[in-house]
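Welcome, and thanks for taking a look at this one. Below is a short briefing to read alongside the model, grouped by topic.

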Amino acid sequence: MPTLSMFFGILIRMYKELNGQHNAPHFHAGYGEYEAVYDFDGNVLEGKLPKKQHNLVVAWVEIHREELEANWKLLCDNEPFFKIEPLR
């Protein structure tokens with residue numbers, strides 16, 4: 001699964017799921033043994049992250065929503081994705 005960004009120990013990944021359970025645009029955020037699936041509004045679709053890491057992911061989504069949408073379109077068109085800046 002391609003890693004789009006990494007910050008404060010959180011990995012942000014996105015991949016195309018043909019006929020997968022998450023057909024809507026989304027990404028996966030992982031932190032240690034935790035993983036959650038988010039939409040581009042910062043809502044959790046599945047899974048869970050610790051509260052602090054969840055809040056960091058939501059803040060990151062607010063800053064980078066347009067880039068997430070562009071990457072989703074690229075993946076759907078079978079084009080290479082691009083990295084997104086981490087939180088600093």
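Phe8 is a good place to begin: with a relative accessible area of 52%, Phe8 counts as exposed, because the cut-off for that class is over 50%. Please keep in mind that this is a predicted model. The protein chain holds one helix and five strands, and the points below go from Phe8 to the aromatic residues, the overall build and a few individual positions.

**Phe8 and Asn78: two unusual backbone angles**

- Most residues other than glycine have a negative phi.
- Phe8 has a positive phi of about 50° although it is not a glycine.
- Phe8 lies in the loop between strand 1 (3-7) and strand 2 (10-13).
- Asn78 also has a positive phi, about 60°, and is not a glycine either.
- Asn78 belongs to the segment after helix 1.
- With a relative accessibility of 64%, Asn78 counts as exposed.

**Aromatic residues**

- Which residues make up the aromatic cluster? Phe7, Phe8, Phe27, Tyr38, Phe40, Trp60 and Trp72 form one cluster, so the exposed Phe8 is one of its members.
- The count of aromatic pairs comes to six.
- In the pair of Phe27 and Phe40, the ring centres are 6.4 Å apart and the planes meet at 20°, so this pair is stacked.
- That pair links distant parts of the chain: Phe27 sits in strand 3 (residues 27-31), while Phe40 sits in the loop between strand 4 (34-38) and strand 5 (44-48), 13 residues apart.
- Is Phe27 buried or exposed? Phe27 has 0% relative accessibility and therefore counts as buried.
- Phe40, at 6% relative accessibility, counts as buried too.
- Phe40 also pairs with Trp72, and here the arrangement is edge-to-face, with 6.3 Å from centre to centre and 80° between the planes.
- This second pair again links distant parts of the chain, joining Phe40 in the loop between strand 4 and strand 5 to Trp72 in helix 1 (residues 51-76), 32 residues apart.
- Both partners of that pair, Phe40 and Trp72, are buried.

**Overall build**

- Read from the N terminus, the order of elements in the protein chain is β-β-β-β-β-α.
- How does the radius of gyration of the protein chain agree with that of a compact globule, and what is the value? For 88 residues a compact globule would have a radius near 12 Å, and the protein chain has 12 Å, which agrees.
- Along the principal axes, the C-alpha atoms of the protein chain fill a box of roughly 35 × 25 × 20 Å.
- Of the 88 residues in the protein chain, 35% count as buried.
- Among contacts of the protein chain with a separation of 6 or more, 36% come from residues 24 or more positions apart.

**Surface and charge**

- The protein chain has an accessible surface of about 5300 Å², and carbon and sulfur atoms account for 52% of that area.
- The protein chain carries 9 positive and 13 negative charges, and the mean positions of these two groups are 5 Å apart.

**Helix 1 and its surroundings**

- Glu62 has its place in helix 1, and at 66% relative accessibility Glu62 counts as exposed.
- Glu62 and Asp41 are 21 residues apart in sequence, and their C-alpha atoms are 7.5 Å apart in space.
- Ala59 is found in helix 1 as well, but Ala59 is partly exposed, with a relative accessible area of 32%.
- The C-alpha atoms of Ala59 and Leu87 are separated by 8.5 Å, with these positions 28 residues apart along the chain.

**Val44 in strand 5**

- Val44 is placed in strand 5, and its relative accessibility of 38% makes it partly exposed.
- Which residues does Val44 touch, leaving aside those up to four places away in sequence? Val44 touches Ala36, Val37, Tyr38 and His54.
- Tyr38, one of these contacts of Val44, is also a member of the aromatic cluster.
- Val44 and Leu4 are 40 residues apart along the chain, and their C-alpha atoms are separated by 18 Å.

Definitions and conventions. Residues are numbered from 1 along each chain as its sequence is written. This is a predicted model: local features need pLDDT of at least 70, side-chain atom pairs count only at pLDDT 80 or more; totals for chains, interfaces and linings use all residues. Side-chain values use heavy atoms; hydrogens and water are left out. Helices (H or I, at least four residues) and strands (E, at least two) are DSSP runs, numbered from the N terminus. The radius of gyration is taken over C-alpha atoms; the globule rule is 2.2 Å times the number of residues to the power 0.38. Buried means under 20% relative accessible area, exposed over 50%, partly exposed in between (1.4 Å probe, protein chains only). Contact means heavy atoms within 4.5 Å. Accessible areas come from the Shrake-Rupley method with a 1.4 Å probe; for residues, only the protein chains shown count as cover. Lys and Arg count as positive and Asp and Glu as negative; His and the chain ends are not counted. The place of a charge is taken as NZ of Lys, CZ of Arg, CG of Asp or CD of Glu. Rings of Phe, Tyr and Trp (its six-membered ring) pair if their centres lie within 6.5 Å; planes under 30 degrees apart count as stacked, over 60 as edge-to-face and the rest as tilted.
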